[in-house]
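These exercises are to be worked through with the sequence and the model side by side. Try each task before reading its solution.

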Amino acid sequence: LGLHPRSRQASSPSCGACFNRMPILKSVYLSKVAAAAAAVADKEVPVFTGVFVERAKSGRANCPVCNTKNEAGEHRVGVDSLAGGRFVTVWIHPKCWLTQAIAFSRNTSGRGACKVTKKPFQKEDLRFGYRMGGSDSWSHVSLEGIAKILPSVMSAYPSFTIEQIEGFEALTQKEKDQVREALEGAEDEVDELEKAKEQARTAGKKAFAALKAAKAAEAGGG
């Protein structure tokens, strides 16, 4: 999965010793987004902003899967990632994301946690994975968290079904039923969920910008 990411933040901060490395910026930004997500969430499982759907604004960004443009006005999937030391959002066509960048698998190590719920995985747990910054870079969510990611993308490409997800056919019948149950009714909440994601991301950006400005003022005064 070759990447042509579009940076969400400047390639390098302009001030303050504490802000001269993007990994630090990324960790601060993510903490602000997480706090904002918790603030706008009114459900047991918090808003997860790392995968979201929106209409392409300019038509300039390339999909890294098929290497063609995300045309202005068309749905696109935004996936937050870290590439080249920068915090970026990779824009992918819904069809490309669904057919080539997701899969069901099992946790073979007993390590890691669900990106959405933050609950740790146990060895052999079923998990849903999606590609982030490269062909070998994956994030994973539990069945509890899958409803916060998958329905929004599937609504942008309605002909896709869960049976087409890589690894689905290898699941037991009980697991297939669990996946269907996890997604049942979630499509009715897509608009509300994406609105909450947008609110969380906007609030996170504002909080991050305010913190960066404060650090700049502090560095300038020092």
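**Exercise 1.** Are W97 and Y130 buried or exposed?

Solution. The model is a predicted one. Step one is the cut-off: a residue counts as buried under 20% relative accessible area. Step two is the result: W97 is buried, and Y130 is buried too.

**Exercise 2.** Classify the aromatic pair that W97 and Y130 form, and locate its two members.

Solution. A pair of aromatic rings is described by the distance of the centres and the angle of the planes. For W97 and Y130, the distance is 6.3 Å centre to centre, with 40° between the planes. Planes under 30 degrees apart would count as stacked and over 60 as edge-to-face, so the pair of W97 and Y130 is tilted. Next, the location: W97 belongs to helix α2 (residues 94-100), while Y130 belongs to strand β6 (residues 126-134). The two are 33 residues apart, and the pair links distant parts of the chain.

**Exercise 3.** Do the same for the rings of F104 and F168.

Solution. The ring centres are 6.1 Å apart and the planes stand at 50°, so this pair is tilted. F104 is found in strand β5 (residues 102-106), and F168 in the loop between α4 (150-156) and α5 (173-183). The pair therefore ties together parts that are 64 residues apart in sequence. Both F104 and F168 are buried.

**Exercise 4.** How many aromatic pairs does the structure hold, and which residues form one aromatic cluster?

Solution. The structure holds five aromatic pairs. One aromatic cluster is formed by W97, F104, F128, Y130 and F168.

**Exercise 5.** Is E175 buried or exposed, and what does E175 touch?

Solution. Start with the position: E175 lies in helix α5. Its relative accessibility is 12%, so E175 counts as buried. Then look for contacts: leaving out residues up to four places away in sequence, E175 touches R106 and L126. Finally, the side chain of E175 reaches the backbone nitrogen of T172 at 3.0 Å.

**Exercise 6.** Describe the chain as a whole, beginning with its helices and strands.

Solution. Count the elements: there are six helices and seven strands. Read their order along the sequence: β-α-β-β-β-α-β-β-β-α-α-α-α. Turn to burial: 42% of the 222 residues count as buried. For the surface, the chain exposes about 11,300 Å², of which carbon and sulfur atoms supply 49%. Last, take contacts between residues at least 6 apart in sequence: 61% of them join residues at least 24 apart.

Terms used. Residues numbered from 1 in each chain as written. Predicted model: local features only at pLDDT ≥ 70, side-chain atom pairs only at ≥ 80, totals over all residues. Heavy atoms only, no water. Helix = DSSP H or I, 4+ residues; strand = E, 2+ residues; numbered from the N terminus. Buried < 20%, exposed > 50% of the residue type's maximum accessible area, 1.4 Å probe, protein only. Contact = heavy atoms within 4.5 Å. Areas by Shrake-Rupley, 256 points an atom, 1.4 Å probe, with all protein chains shown as cover. Phe/Tyr/Trp six-rings, centres within 6.5 Å; stacked < 30°, edge-to-face > 60°. Polar contact = N/O pair within 3.5 Å; in protein donor to acceptor, adjacent residues only side chain to side chain.
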